[in-house]
Every structure is written in structure tokens, then in C-alpha cells.
Amino acid sequence: MVPITYYLVLSAILFACGVAGFLIKRNIITIFMSIELMLNAVNLTFVVFAAHWQKLSGHVFVFFVMVVAAAEAAVGLAIIIAIFRTRETLNVDRVNLLKL
Amino acid sequence: MHLILFIIFAVFCVGGALGLLISKHPINSALSLIVVMVSLAVLYLLLGAEFVAAIQVIVYAGAIMVLFVFTIMLLNAGEEERTKGSRVATALGFPALIIGAATVIYAILAKIGITGSLSLGQFRGTPEAVSDLLFRDFLLPFEVTSVLILIAIMGAVLLARKGSAE
């Protein structure tokens with residue numbers, strides 16, 4: 001038996017780690033990975049509440065979150081490749097113009 | 001049993017997340033993130049989410065992370081260079097983050113009043129049950145995601161095509 005709050009606290013810790021990574025990382029790919037970490041933390045919350053209230057809708061929502069994450073990863077990495085081609089850098093501090 | 005497995009894989013999760021934060025090289029961060037995702041898949045199994053655990057491994061730890069590693073290799077990303085951030089942001093940001101996380105954890109533990117505990121096998125999200133819901137109640141959103149995926153594919157091809165930058 002595991003209290004449901006343990007799972008929620010774990011999810012909060014993972015989300016906080018994702019936020020911290022988003023803020024302190026300077027490599028654009030690592031920043032992107034932090035976003036994935038935050039999405040995973042939210043997915044854990046969905047699954048925990050699905051188990052708590054015995055409702056399967058939570059699982060379906062996790063499925064949709066994963067679909068959106070996959071689409072986001074595809075487009076985001078394509079944008080990163082385009083940035084790298086013109087700027088020759090992955091450092092976000094050197095990508096400071098809207099113009100590609 | 002449930003508690004022991006939970007603690008082991010929760011430690012793996014948090015360790016992987018901290019590894020993502022601490023490591024300097026993006027490939028190390030990517031491997032730490034794979035650790036987090038596989039441990040989360042085990043936690044999903046403990047919660048009875050069989051289908052979600054399977055697609056967590058296949059889609060997240062498989063497809064998306066391979067895409068990340070592939071991009072890191074393709075762009076030959078080296079060690080992260082440190083740049084000077086603003087000192088105020090460093091001084092205020094970390095305490096603010098810790099206070100925020102502590103507030104959320106306090107709210108979960110003490111305030112929202114969700115009690116109850118989960119035991120193994122009390123709820124199962126089998127593929128049959130999930131697909132039953134997905135293809136009946138959520139049929140329209142499911143079809144709309146296909147359009148989203150199509151647009152994402154076209155966008156990725158357009159953005160990454162050679163010569164699109166000029």
C-alpha cells in the first residue's frame with residue numbers, strides 16, 4: 001500500500017527539476033529535454049488520479065499528451081537543426097535575434 | 001512490496017532528473033532522461049496502467065529519445081559552455097524555485113485533503129479497456145490528433161530541409 005500523496009510529491013519533485021533545468025541550462029537541446037521531463041511529471045499525476053478514482057479517462061489523456069509531445073519533439077528538433085545551420089551554435093544566449 | 005518497488009524506482013526517477021540537471025554534456029543528460037522515463041514506466045505498471053507503461057517505453061524511451069540522441073550526434077553537440085547570467089536571477093531564482101516546490105508539496109501533503117492509498121492490482125488499464133474508451137468517447141479528439149501529427153510532419157520536413165534557411 002502506497003499513499004497517493006507519495007506519488008504526487010514525486011511528480012512535483014520531477015516537475016520542479018524540469019523547471020530548474022529549463023532555467024539554468026544553456027544548451028537548447030537540454031532545455032528541450034527539460035520540457036519533456038515536465039510533461040512526464042504531469043503524466044504521472046494523470047495516471048495516479050486515474051488509479052485513485054478508478055477512471056480510465058486519465059490514461060487516454062496521457063495518450064494524447066504523448067502524441068502532442070511527439071509532434072513537439074519532431075518540430076522542435078527541426079527548428080534546432082535550422083538554428084544550428086545558420087548560427088553554428090546551440091547556446092541559447094547566442095540566439096538572441098528573431099531573425100533566423 | 002508496492003512500497004519497496006515505489007521507493008526504488010522513485011529514487012531512480014529523482015536521480016535521473018538530477019543527472020539531467022547536473023551533467024554538462026547533452027548526451028549524458030539524454031541518457032539520464034531515459035533512466036527517468038523507464039523508471040516512470042515501472043511506476044505506471046505499479047499503478048496498473050499497462051497500456052500507458054507500454055507506450056511510455058515504446059514512444060518516449062524509444063522514439064522520442066532516439067530522435068534527441070540522433071540530433072545531438074548530428075549537430076555534434078559538445079560540452080555546454082557557461083555564460084554569465086544575471087546575478088539577481090541567480091540570487092532570486094533558486095530560492096523562488098525551492099519555495100515554489102515546497103509550497104506545492106506542502107499543499108499536496110497537508111491541504112488538499114486527498115487521502116487514500118493504492119495497492120497492487122486494484123485497478124487495471126488494459127489495452128482493451130483503454131481502446132474501448134479511446135475509440136468510442138474520445139473518437140473525435142483521436143482523429144484530430146492525426147491532423148496534428150500530419151501538420152507536425154510537414155512542418156519538420158519544411159524546417160529541416162536543406163536551403164530552407166536562406
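Q: Which exposed residues sit on the face of α1(B) turned away from its buried side?

A: That face carries Ile4(B), Ile8(B), Val11(B) and Ile22(B), where exposed means 12 or fewer other C-beta atoms, placed from the backbone, within 10 Å of a residue's own, buried means 20 or more, and partly exposed lies in between. This is a predicted model, in which local features need pLDDT of at least 70 and side-chain atom pairs 80 or more, while totals for chains, interfaces and linings use all residues. Residues are numbered from 1 along each chain as its sequence is written, with chains lettered from A and ligands numbered from 1 in the order written.

Q: Which residues of α1(B) are buried, and where around the axis do they lie?

A: An α-helix has 3.6 residues a turn, so residues three or four places apart point the same way. In α1(B), a DSSP run (helices: H or I, at least four residues; strands: E, at least two; numbered from the N terminus), the buried residues are Phe6(B), Ala10(B), Cys13(B), Gly16(B), Ala17(B) and Leu20(B). They cover an arc of only 125 degrees (directions from axis to C-beta atoms), and therefore lie on the same side of α1(B).

Q: How do α2(A) and α3(A) cross?

A: Two packed helices are described by the angle and the distance between their axes. The axes of α2(A), residues 28–53, and α3(A), residues 57–87, come within 9 Å and cross at roughly 175 degrees, with axes fitted to C-alpha atoms over the stretch in contact and angles running from 0 to 180 degrees between N-to-C directions. They are therefore roughly antiparallel (over 145 degrees; under 35 is roughly parallel, 65 to 115 roughly perpendicular, the rest oblique).
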